[in-house]
Amino acid sequence: MGSDVRLRDAVREDAPALARLFLASSHGLSEHVWRQAALPGETPLLSGIRRYARDGGPFTWRCCLVAESEGRVAAMLHAFPMEAAAPDIGDDPVLRPYAELHDPGSLRVSDLAVFPEFRGRGIGTLLLAAAQEKARALGLARLSLTCFERNEGALRLYLRLGYREMARRPVVPHPCLAIADGDVVLLGKPVTS
């Protein structure tokens, strides 16, 4: 990895980069959510930027770590402590698998994304190591994340780093989703001392 990579906590001004990264890495899932939350005339991306710029809730800049390289945001990790109660998704069947793949007491890595021009430098691994440190500092016993089984590159990375399958649910197809079949896999990793 290049020595020019620096990790830092996100700031509100990072919201546009955070939303672009989350939109690109979610394979259409965030577009689905943000389209529903959009104000009249607002694109899903603008809805996501507005969401990341707010202060409250788990989907905000306050839950993100960014990697900077070459003077700009290169990647992000979005993580928050998973509460005992499963997230309220209403009656949205597309989101049901994610609500069911719930690991209370873990640090949930909701997103890990690297802009294409910065991939292959070990930045994702560096961010996941930082998530491990955050979980340890919060006194959490493990990390958790979900991954499409069809996202073979990401799944290989997580397994190589010690994550293990905990559960899986079938993907609910939707026109927004780029991956519309297979399973969503819940992976977990113990926090090491």
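Strand 5, which covers residues 142–148, and strand 7, which covers residues 183–190, pair in the antiparallel sense over seven bridges; the model in which they appear is a predicted one. One of the links between them can be found by looking at leucine 143, whose bridge partner in strand 7 is lysine 189. As a general point, strands of a sheet pair through backbone hydrogen bonds, and they may do so either in parallel or in antiparallel fashion.

These two strands belong to an open sheet of seven strands, in which the order is 1-2-3-4-5-7-6 and the pairing is mixed. At the edges lie strand 1 (6–9) and strand 6 (164–170), each of which pairs on one side only. If direction is ignored, neighbouring strands of this sheet are turned against each other by 25 degrees on average. Helix 1, made of residues 15–25, packs on the sheet and touches strand 2 (64–69), strand 3 (72–81) and strand 4 (106–114), while its direction makes about 90 degrees with that of strand 4.

From the sheet we can turn to the interior. In soluble globular proteins, nonpolar side chains tend to be buried together. Here the largest nonpolar core has 48 residues, and those with the most contacts inside it are Tyr52, Leu77, Leu128 and Tyr158. Leaving aside its neighbours within four places in sequence, tyrosine 158 is in contact with Leu112, Leu128, Leu145, Cys147, Tyr163 and Leu187. A second core, separate from this one, consists of eleven residues, including Leu29, Leu95, Leu101 and Leu177.

Leu128 leads us to helix 5, because it is among the buried residues of that helix, which are Ile123, Gly124, Leu127, Leu128, Ala130, Ala131, Gln132 and Ala135. Helix 5 (residues 123–137) has 15 residues and reaches 21 Å from its first C-alpha to its last, close to the 21 Å expected at 1.5 Å a residue. The helix is followed by glycine 139, whose phi is positive, near 75 degrees.Finally, the cysteines deserve a look. A disulfide is a covalent bond between the sulfur atoms of two cysteines, and the structure holds zero of them. Cysteine 64 is in no disulfide, and the nearest cysteine sulfur, that of cysteine 63, is 6.6 Å away; cysteine 64 is also buried, with a relative accessible area of 4%. Cysteine 176 is likewise in no disulfide, with the nearest cysteine sulfur, that of cysteine 147, 19 Å away, and at 15% relative accessibility cysteine 176 counts as buried.

Key
Residues are numbered from 1 along each chain as its sequence is written. This is a predicted model: local features need pLDDT of at least 70, side-chain atom pairs count only at pLDDT 80 or more; totals for chains, interfaces and linings use all residues. Side-chain values use heavy atoms; hydrogens and water are left out. Two strands pair if DSSP finds at least two bridges between them. Helices (H or I, at least four residues) and strands (E, at least two) are DSSP runs, numbered from the N terminus. Axes are lines fitted to C-alpha atoms, for helices over the stretch in contact, and angles run from 0 to 180 degrees between N-to-C directions. Contact means heavy atoms within 4.5 Å. A disulfide is a pair of cysteine sulfur atoms within 2.5 Å. Buried means under 20% relative accessible area, exposed over 50%, partly exposed in between (1.4 Å probe, protein chains only). A nonpolar core is a set of buried Ala, Val, Leu, Ile, Met, Phe, Trp, Tyr and Cys residues joined through side-chain atoms within 4.5 Å. The expected span of a helix is 1.5 Å times one less than its number of residues.
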